Amino acid sequence: MDDLLAEFLTESNEAIGELDLALVALERNPQDRDTLALIFRLMHTIKGTCGFLGLPRLERVAHAAENVLGLLREGGMLATPAMVTLLLAALDRVKLIVAGLGATGTEPAGDDSGVIAALDAVARGEAPPADAAPVAPATASAPAAAAVEPAPVAPTPAAPRKGRARPKAAAPAAPAAPTAPEPTTPEPTAPEPPRPPAAPVAVAASAVPAAPAVAPGAETVAVEVAGGHTIRVGVEVLEQLMTLVSELVLSRNQLLQLARSQENPLLTAPLQRLSQITSDLQEGVMKTRMQPIGNAWNKLPRLVRDLARDLGKKIELVMHGAETELDRQVLELIRDPLTHMVRNSADHGLESPSERRAAGKSETGHITLNAFHEGGHIIVEIADDGRGLALDRIRAKAASRGIAGEAELAAMTDAQIQRFIFHPGFSTAAEVTAVSGRGVGMDVVKTNIEKIGGSIDLRSTHGAGTVFTIKIPLTLAIVSALIVAAGSERFAIPQTSVVELVRAGNGLNDAQAAGEDAGGERAGATAIEHIDGTPVLRLRERLLPLVDLKQILQLGTETGDGSGDVPTIVVAQVGSGTLGIIVDRVFDTEEIVVKPVAPILRQISMFSGNTILGDGSVIMILDPNGIARMVGIGTGEKSATAAAASGAAGSDERVAILLFQAGDGAPKAVPLAQIARLEDIPRERIELSAGRLVTQYRDRLMPLVAISGAAADGPTQPVLVLNHRGRSVGLMVDAILDVVSDRMQIELSGERSGLQGTAIIAGRATDVIDTGYWLDCAVPAGGEDGSDFNAATQFA
Amino acid sequence: MNDTVLERPSDTSASDASCSVVTLTVAGQLCGVPVLGVRDVLADQTITRIPLAPPEIAGSLNLRGRIVTAIDLRRRLRLPPGEKGSARMSVVTEQGGELYALVVDQVSEVLSLPASRLERNPPTLPAAWAACSNGIVRLADRLLVLLDIGRLLDIPAIRG
């Protein structure tokens, strides 16, 4: 029974997926008899099977839906959008019950009378009662009739689902296999489920274009073809096979290396053959892991249709390149980001029909998905022809959230501004809808895509739409990697994150030998320069931050066999920026099989895995993103704020600066752009809650932090209000002095926490505070409010 | 590459296996690990260092295409490092689907030990030993520390 149920669940889930697509297709083209026939067959199979498995709840829903479908199929009526909605609702109920079955093994309890009544009403209302009555028993009796002759069906191990689901008119002996023998001989079915006979993913995926094309008459042929060529195989088997092949490849590489040193002519020919076969085998096994990207798309038509109804928009989803293949593992990982982006396009990107008409566009908005291969990567484009991104709104939002200073924003290109939407918590949606707008979207998408070594970018034209481009590696299992050396150790860096290699000249060595004398660079050579011991590189008029691999891996100053080599800088893509990694030597690129590191090493974020090279040695795979995080080049809120602040500070332009007094000594300053509001709060309204100072501000509790030294005790407390992730934070100061417009050139770097440094503002030496630090004090990112806050209150 | 010096006989009968140990030497001390926990015994191996790993981790090595994390028992038991260049051997064990190699000075033989000879750890045993030992076995001429593989692999602090 368990096996039967498991098989039923697998098949039903596939059928549900197909039904989703087919129903949406039917809505567009209610006359399409082939689609209708497919829908009827799928629903009928579900119903018939669950009758035999003893699933009455599921059967009742499926039965009611089938009644309606039966009427449609017989031409009694045409499918209206309302009817399709009802059928989709019924399908959702089926989905729910099937999910419950999968989780518990039994039908979940629930009341479906609403859905069933609605379906029955359609069946009765739209068709003459005299016709409706015969239809129901006829369809209901179909499995029973088929069960009379189960023999030809049950022993056929590879009959694909579609075949078994042929309409009873075409083939009376073709209900689902498990249903057929059940009444008389339950045993023969038991051995069958381990070799589930249904069509494999490839067929299911192509259902979008192919399914409607399968005419009932042509189906027998199609079934035979499919039946002879596909079997269902467990994913674990494929994974195991992949592991074995990976090891075979490594052994082959070792053998080849040995043979090269031995020069034994007897070995050469068979070894070459072995090598060839191994390569073919590897390719073949890789192919079994490949799935068309359409598999990740198959829920989208339904999603878009439902969204269009909910939002009152007309949306057409166009999909190109659904057959483009990529690794199963990657596919699973991009499914959710893709769904999210399509949802975003439908909700934010596309306008309502009236807006579109006003803009001179067709009422129907288009979302186009396009997938294609490009040099070891797969590119997925999600394009809409909607309103495009509103640059001014993004600018305003970026400024108000303190992500970037106004001066910095002014200097940015449109593309740079657009990329702010990938910033955590960034949403320009005027209102939060049920669909999106909560601002927890694109940054998650970006993070997920970067996690698998991909990248995302966008271009948007105001009024003409937005195109998101995702670039992802084809596979995660075998990647091309650059082998480098640091000290006496070798490491692999995935090729996908390497932008370029730069020969560093001898600047580093010279600088080390002669202390801080970095002036000894040779003409023409790119030399590493140092700022207070921190290496940087001038690369095409940009300053590239550098890390010394040997240093961050704590490999000491030992030099390996490559001593005397000129250090090379591997310029790596980390997030949207670049980072230079200084290595002692670069060997070559090699195809490596990524293996996860042992659990006890997982906490070392610098490594994304390890691998075995052709010579049999084990090496670690470096994760440039992990290195960036380790040295503090991150996408974190704080560093972004600090960078924005220092960007404003270093600029020559005049910016509005707020001067205030906090404690004795020089006045303090903060760029006005970082302050949301100035308030005078009556002292009695400052409360102490859980050891921290708070005040009720706009019906919410706002944490208050005293800037170092501030100790005003007047009747009101001047407060600078900062906005942080939608929450307000108040900085308590002694007095607000002035707002001046001046250059903010930080002359002395601050050593005290909370200060960026000292600048000459309005002719006086003024401490410039670091708002990021104070935000962190009040709203600690890690959630350890107490400790951080205590540290902050000590200043008060 | 991987010279398998000794492999567990597959026909070990269950009855006496329960008290059979593979004996090994760490800094002169005779130790034993249950034979059932041992997959392979390896001769001296090339071990790749892993930067930033805890000091007990000697590195990783390649065992027939699988990556094995090597743990230096001298360092695990807080013993002085061995002489440079001296050949070392490893006992490979599996836990949670991962392979670990315990790097020791010498792997000797499989001994069948009567349970009656097993004594509890003396309370004065150094903490590093006590944390990994299941007891002491009195042999005719010397003492054998019965090590617990699970606790040997339970390495606490990991530097990030």
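**Close-up views of a predicted two-chain model**

**View 1. Ala492(A) and the residues around it.** In this predicted model, Ala492(A) touches Ala481(A), Leu482(A) and Ile483(A). Its other contacts are Ile592(A), Thr611(A), Ile619(A), Ile621(A) and Leu622(A). Residues up to four places away in sequence are left out of this list.

**View 2. The largest nonpolar core.** This core holds 96 residues. Ala492(A) is among those with the most contacts inside it, along with Val484(A), Ile493(A) and Ile581(A). Chain B is represented in that group by Ile71(B), Val91(B) and Ala101(B). Strand S8 of chain A, residues 478-486, gives the most to the core, with 8 residues. Another core, of 45 residues, lies apart from it. Leu42(A), Leu55(A), Ala65(A) and Leu101(A) are among the residues of that second core.

**View 3. Where chain B meets chain A.** Here 19 residues of chain B are in contact with 23 residues of chain A. On the chain B side, strands S5 (57-63) and S6 (66-72) each supply at least two residues. S5(B) gives the most, with 3 residues. By type, the chain B side divides into 9 nonpolar, 8 polar and 2 charged residues.

**View 4. Helix H14 of chain A.** H14(A) runs through residues 300-311, 12 residues in total. From first C-alpha to last it reaches 16 Å, close to the 16 Å expected at 1.5 Å a residue. Its residues Leu300(A), Pro301(A), Val304(A), Arg305(A) and Leu307(A) are buried. These residues lie on the same side of H14(A) because they cover an arc of only 165° around the axis. Gly312(A) follows the helix, with a positive phi near 65°.

How values were computed:
Residues numbered from 1 in each chain as written. Chains lettered and ligands numbered in written order. Predicted model: local features only at pLDDT ≥ 70, side-chain atom pairs only at ≥ 80, totals over all residues. Core = buried A, V, L, I, M, F, W, Y, C linked by C-beta atoms within 7 Å. Buried ≥ 20, exposed ≤ 12 C-beta atoms within 10 Å, placed from the backbone. Helix = DSSP H or I, 4+ residues; strand = E, 2+ residues; numbered from the N terminus. Contact = placed C-beta atoms within 7 Å. Nonpolar A, V, L, I, M, F, W, Y, C, P; charged D, E, K, R; others polar. Expected span 1.5 Å × (residues − 1). Arc of directions from axis to C-beta.
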